[in-house]
Amino acid sequence: MLYSIRMRAAQGGAHENGGQHISGAECLLTEQNLSDTAGMLIQRALHHSKGKADFIRLTIENIAEETIQTVPMLKIESFAAADLTEGHNDAVQFLQRAGISRTAIDKAMYFLTQLKENMRGAVVMDAQSGKRLDDTGSRGIRVTKMDFKNPARAKEKLNACGFTNIHVHEAIVLASKVLSAPGVIGELCWSDDPDYIIGYVSANGCYHRITKMKPLHSNQGGRAFFVKSGTDINALRQYLEQQVVLVDETL
Ligand code: WAQ
Ligand code: MG
């Protein structure tokens, strides 16, 4: 039997009472692993490069096995950018190749670089006009209920290719779920952690890992999902937040 476990942490009180988002994480587990993972997630919330959380929420939910959907893991390609400009130019290219307009890309880039408050979720943008389509304000849509189908095997495979840290392991799961969602044709992301400058563009079945996407020590980061015009945003949100998805690296 599987459980969904997720953590979100903030400083200055709960997110909904104006607290600043510090960190979050989500995975799927068997009952035997729940307590250890809960402990690890609490430690993670208490020791984060963005500061110490004073509000932590853990949510644990049983999953009905028959609702689980399996999706393939995106393939990964790495791009070593000399500097921020080159990194952003690479990102623009990969997104344009997926049919996303320059206007929409520029709006997303601008959005992610001028955020005053960290969001705990992502924004959804129309891939043509760049108009923001979700109504979640400064919260954003948080993708949950996802993990590798076989975490040990998938991490071993990623480690063997040099993708060794928790950021990339978690991001590839999220990106694989997001790109499998009806209507989504691309994603732009970089971390809000001040010491982590690698980001990615996912599009056309590929996770394009780009080594420089923001200045070191900046805590401005986030995610934008680009959707085809006419996408049902309520159905998309339901999929991203509620559909249980396992990512299979063998598919
Ligand atoms: N759903 C939607 N948005 C999310 C989620 C989620 N589950 N988790 C994080 N975000 C958004 C939110 O706005 C965060 O502030 C922002 O993304 C950054 O989150 O080496 O570590 O967890 O290949 O800091 C990408 C590169 C790392 C990895 C991304 O993001 C690599 C990362 P973080
Ligand atoms: Mg972060």
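This briefing describes the fold of one protein chain, the surroundings of its ligand, and a few individual residues.

The model is a predicted one, and every value below is computed from it. The protein chain has 251 residues and a radius of gyration of 17 Å, which agrees with the value near 18 Å that a compact globule would have. Ligand 1 is surrounded by 23 residues, and the protein covers 94% of the 700 Å² of accessible area that ligand 1 has on its own.

**Overall architecture**

- The secondary structure of the protein chain comes to 6 helices and 12 strands, and its C-alpha atoms fill a box of roughly 45 × 40 × 40 Å, taken along the principal axes.
- Buried residues make up 53% of the 251 residues in the chain, while the area that the chain exposes is about 11,400 Å², of which carbon and sulfur atoms supply 51%.
- Among the contacts in the chain with a separation of 6 or more, 69% are between residues that stand 24 or more positions apart.

**Surroundings of ligand 1**

- Of the 23 residues that surround ligand 1, the closest are Val-143, Asp-192, Tyr-196, Tyr-207 and Arg-209.
- The side chain of Tyr-196 also has an N or O atom 2.5 Å from an oxygen atom of ligand 1.
- A polar side-chain atom of Ser-191 lies 2.8 Å from an oxygen atom of ligand 1, and for an N or O atom in the side chain of Asp-193 the distance to an oxygen atom of the ligand is 3.2 Å.
- With these contacts in place, the protein covers 94% of the accessible area that the ligand has on its own, and the elements that give two or more residues to the shell are α5 (166–179), β8 (184–190), β10 (206–210) and β11 (222–227).
- Helix α5 supplies the largest share of that shell, with 3 residues.
- By residue type, the shell around ligand 1 divides into 12 nonpolar, 4 polar and 7 charged residues.

**Gly-183, between α5 and β8**

- Gly-183 lies in the loop between α5 and β8, and with a relative accessible area of 16% it is buried, because buried means under 20%.
- Leaving aside neighbours within four places in sequence, Gly-183 is in contact with Phe-226, Val-227, Lys-228 and Thr-231.
- Gly-183 and Asp-232 are 49 residues apart in sequence, yet their C-alpha atoms are 7.9 Å apart in space.

**Glu-26, in strand β2**

- Glu-26 lies in strand β2 (residues 20–30) and counts as buried at 18% relative accessibility.
- The side chain of Glu-26 makes a polar contact with the side chain of Arg-142, at 3.1 Å.
- Beyond the neighbours within four places in sequence, the residues in contact with Glu-26 are Ile-5, Arg-6, Arg-142, Val-143, Thr-144 and Met-146, and Val-143 is also one of the residues closest to ligand 1.

**Two residues with positive phi**

- Most residues other than glycine have a negative phi.
- Lys-145, although not a glycine, has a positive phi of about 60°; its place is in the loop between β6 (123–126) and β7 (146–148), and at 5% relative accessibility Lys-145 counts as buried.
- His-217, likewise a residue other than glycine, has a positive phi near 75°; His-217 lies in the loop between β10 and β11, and with a relative accessible area of 66% His-217 is exposed.

Definitions and conventions: Residues numbered from 1 in each chain as written. Chains lettered and ligands numbered in written order. Predicted model: local features only at pLDDT ≥ 70, side-chain atom pairs only at ≥ 80, totals over all residues. Heavy atoms only, no water. Near = heavy atom within 4 Å. Polar contact = N/O pair within 3.5 Å; in protein donor to acceptor, adjacent residues only side chain to side chain. Areas by Shrake-Rupley, 256 points an atom, 1.4 Å probe, with all protein chains shown as cover. Helix = DSSP H or I, 4+ residues; strand = E, 2+ residues; numbered from the N terminus. Nonpolar A, V, L, I, M, F, W, Y, C, P; charged D, E, K, R; others polar. Rg over C-alpha atoms; globule rule 2.2 N^0.38 Å. Buried < 20%, exposed > 50% of the residue type's maximum accessible area, 1.4 Å probe, protein only. Contact = heavy atoms within 4.5 Å.
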